[in-house]
Structures are given as C-alpha cells and as structure tokens.
Amino acid sequence: MHAVAPVEGRPAADLMAELEWRGMVHQVTDPELGTSLAAKRFVAYAGFDATADSLHVGHLVGLVGLRRVQLAGHRPLALVGGGTTLIGDPSGKEAERPLLSVEEIEVNVVGIRRQIERFVELGDGPDDGALVNNAEWLGRVHLTDFLRDVGKHFTVNAMIAKESVRARLTEREQGISYTEFSYMLLQAYDFLHLFDAHGCRLQMGASDQWGNITLGCELIRKLRGETA
C-alpha cells in the first residue's frame, strides 16, 4: 500500500502544551513535534493489548491521551492488540504472560471496545476516531515474508539493548522466549501498517514502550523514507 497523506487543516488547540502541562510527556523522538502538532492535523494512535475483558486504571493515561488528541482536532486511532496478545508483550513483566486462546482474545476485544467508546468518539468519517484490531493484518502476514521484509532491518544487538528485553535478560531469572522477543517487531509493523492505511505518524505509549515505538519510527523511515 501507499502512504496516506496526513489530514490537512489546522488543529484547534496546542496539544503538546496541554500534555506537557499535565505532566504526560516523558520522551519524544522529534523535539519539534509540538510545532508540527500546532501547524497541521495528525493521525495518532495508542495500543491496548486484549489480555483481559476490561482495561485497568493504568490504561487511563492512554485513553485520556487519545481523548485529548481528538479534542485538539487530531484524529485518534485506538488499536486493540488482537494479534499481538497472542504473543505477549514482555515490557514491565518479570515472567512470560499466560498465552490466551483466539476465542478468549475475541471476547476481551468486545469488552475493551465498549470502554474505549466512552472516551473516543468513533465513526466512519475522516475526522472520527477509529478502533482497529491488529489481528486483521498480522493474521495475514506470512512468516518468511515478515522475516525478509521487516526482520532484516533490525539487528539482534539493537533489540537486546531495548529496556523491555534487557531487563529480562540480565535482571530476571526467567529470561525471555523467542515469542516475546519478536513482540517489538510486530509493534513496529503495526505502526507501519497504520502509516500506510491511515496516514498515522504519531504513536503514544507508556515509557516502557519507548523501544517498541522507536523501532516503528525506524521501520517507517527505512521502508517508506518518511518521518513518524
């Protein structure tokens, strides 16, 4: 697919100033992001894995972030990880998550959607927020294609250096499985897919997602020659 251009127009509020005032900005890949957000409308996303049929209080920051994105005149995408939940995110975990069945994840997605709808106005219009499920595209990816087209762009050295992996390798007795080790590549691919399909150039996440987010930015730069 070819990338969709960012939505044109001027946002209604200075989103970065608002988020900084609320103490919600920890790191950014682009020091000029605030200027860009104030000058044009962005498509932005935050992800929520479907590990339970309800989000917890820690997800509130991400939900409120998406809400403020929408209030500021930008378009929010709420990603539910129907695909990545099959793998399990090692970030912030001392041991591997229990693997859920496809059926369990589908039930969880339904419950999480009901909660997201209370924060983000969803719809089919170009200005409406949208809920997307990465099971829709990750389930269609062939392993050999993924390793050839995505995996070749990242070294194991760089992946091991990411905090979510390094902590499990050096500070935890359990180590990390290859399944979990591949999670950051899947999240990077999510960002690339949303860039192609929706013109999404901004990903928001907790500080333990920083390594995964930067991998997505790097993948978009390498494969599309664009900045996210």
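1. Packing of α10 against α11. In this predicted model, helix α10 (residues 183-198) and helix α11 (residues 210-224) have axes that come within 8 Å and cross at roughly 55 degrees. That angle makes α10 oblique to α11. The crossing in which α10 passes α11 is right-handed.

2. Residues of this contact. On the α10 side, the contact is made by Y183, M184, L185, Q187, A188, Y189, F191, L192, F195 and D196. The α11 side contributes N212, I213, L215, G216, C217, L219, I220, L223 and R224. By character, the residues of the contact of α10 with α11 comprise 14 nonpolar, three polar and two charged.

3. The largest nonpolar core. This core has 30 residues, and those with the most contacts inside it are Y45, L77, F154, F191, L194 and C200. Two or more residues each are given to the core by β1 (43-49), β2 (75-81), β3 (130-133), α5 (135-138), α10 and α11. The largest share, nine residues, comes from α10. The reader may note that F191 appears both among the residues with the most contacts inside the core and in the contact of α10 with α11.

4. Surroundings of F154. With neighbours within four places in sequence left aside, F154 is in contact with M159, L185, L215, E218 and L219. Of these partners, L185 belongs to the α10 side of the helix contact, and L215 and L219 belong to the α11 side. F154 is also one of the residues with the most contacts inside the largest nonpolar core.

5. Another core. Apart from the largest core lies another, of 13 residues, among them A46, L55, L63 and A78.

6. R114 and its position. R114 is placed in helix α4 (residues 102-116). Is R114 buried or exposed? R114 has a relative accessible area of 55%, and residues over 50% count as exposed, so R114 is exposed. The C-alpha atom of R114 is separated by 9.9 Å from that of D53, a residue 61 residues apart from R114 along the chain.

7. The chain as a whole. The protein chain has 11 helices and four strands. Buried residues make up 44% of its 228 residues. Among contacts in the protein chain between residues at least 6 apart in sequence, 78% join residues at least 24 apart.

Terms used:
Residues numbered from 1 in each chain as written. Predicted model: local features only at pLDDT ≥ 70, side-chain atom pairs only at ≥ 80, totals over all residues. Heavy atoms only, no water. Axes fitted to C-alpha atoms, helices over the stretch in contact; angles between N-to-C directions. Parallel < 35°, antiparallel > 145°, perpendicular 65-115°, else oblique. Left-handed = near helix turned anticlockwise from the far one by under 90°. Contact = heavy atoms within 4.5 Å. Nonpolar A, V, L, I, M, F, W, Y, C, P; charged D, E, K, R; others polar. Core = buried A, V, L, I, M, F, W, Y, C linked by side-chain atoms within 4.5 Å. Buried < 20%, exposed > 50% of the residue type's maximum accessible area, 1.4 Å probe, protein only.
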